[in-house]
Amino acid sequence: KAEWNSGNFSRAQTLSEVALDLESHESDDSTVQDVTLREGCAMNALGLSRLASLYCVDKNFQDNSVQVASAEDVQGADECRELLGKAAQALYNEYRSCLSRGERSGVVELALAGAATYSNKGVADLIYSRLDKQDVEEELSIDRTVQSWNKGLSILDELAQTQKEIHTINHTVFSHMIQARIHCNMAWAILFLHGHTSKLDEKDLTVASENSRDALKIYDGLIEAAGDDDTARERIQPSMARALSLVASCYARAGSAVTAEGLFQSATDTLSSTGCNSGPLHAIDRRDAHVWYGYLCNNWEKRQRDAERLGEEARNINSSMTKGWQGKWGIHSGLW
């Protein structure tokens, strides 16, 4: 993960392959659920490493067109989807097997890992859908993506209802963080799959608003539960700012510019604070919050100078990112 965050995707892939190979040699003292959990996590890491290494960039960050991709990248994206799907299904199947056997050891971990991997699978599905297959007539759709994300949410709902007694505080926080991340991803997909300036009908905008608000509500609850624990609050705030940006984008699409601006200001202020300047995913969120705020100002009378300033800040943020992460689509920040 450290190599992945640093943009060293080839090295991250190598390490993931080594981890997966090691897990294929099961030791005598390992339970089936332990081996499945480690193998699933290694496959998830491998899928993410391959996915991030694809040339899936957008010079304008929020272009209106699909990404023209090489046949190699299209094939690579498809393989990532299959790998992540295989990992998620293996984790979920073992989770269900543990329940049927009446075992509790590793049950929560398997469910959480499965839900997080389904979340990643949905992102991979969305990235694949945005690649231009050139010879393939395929309309951009988030149906397959939503199926993966809904599967992740259903696992978490089931876990919350059936395994309350073996949930730890950390398990609960992680579960809520996955839920909120998936809701943010759903909102992003609706708002930006076809570009920032694409037309949205009222139904789609309502769904995007509901998902972004659901995410924000979850983060609000986590912040409240953190109380005076500054470290815990700082871990949550960057993700919460992403939700704020998405809520703001919904208001902007609905024509409520003043409300949108207040939310964008809160989001950019939070993402620009010292505690939020760690890791490429937060940098993507910070960059895109400035981009989206800039679009708002660009369509606002006498705000062109602000739009230019925000656009320049977005470009500077992008340039300051590790080379491997520069220009990555905003949905990449929805990965685990």
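**Entry 1: Arg309 and Asp306.** I began with Arg309, whose side chain meets that of Asp306 in a salt bridge at 3.7 Å, N to O. I note that the model is predicted. I placed both residues in helix α12 (residues 304-320), where three residues, about one turn of the helix, separate Arg309 from Asp306. I then looked up accessibility: Arg309 is partly exposed, with a relative accessible area of 39%. Asp306 is also recorded as partly exposed because its relative accessibility is 24%, which falls between the 20% and 50% limits.

**Entry 2: Arg303 and the network.** I next examined a further partner of Asp306: Arg303 forms a salt bridge with Asp306, with 2.6 Å between the closest N and O atoms. Arg303 has a relative accessible area of 16% and is therefore buried, the cut-off being under 20%. I followed the contacts outward and found a network of salt bridges that links Glu261, Arg303, Asp306, Arg309 and Glu313.

**Entry 3: Asp285 and Arg242.** I turned to another pair and found a salt bridge between the side chains of Asp285 and Arg242, at 3.7 Å from N to O. This pair links distant parts of the chain: Asp285 belongs to helix α11 (residues 280-298) and Arg242 to helix α9 (residues 230-253), 43 residues apart. I checked whether each partner is buried or exposed. Asp285 has 9% relative accessibility, so I entered Asp285 as buried. Arg242, at 5%, is likewise buried.

**Entry 4: Whole structure.** I closed with a search of the whole structure, which gives 13 salt bridges.

Methods:
Residues numbered from 1 in each chain as written. Predicted model: local features only at pLDDT ≥ 70, side-chain atom pairs only at ≥ 80, totals over all residues. Heavy atoms only, no water. Salt bridge = Lys/Arg side-chain N within 4 Å of Asp/Glu carboxyl O. Helix = DSSP H or I, 4+ residues; strand = E, 2+ residues; numbered from the N terminus. Buried < 20%, exposed > 50% of the residue type's maximum accessible area, 1.4 Å probe, protein only.
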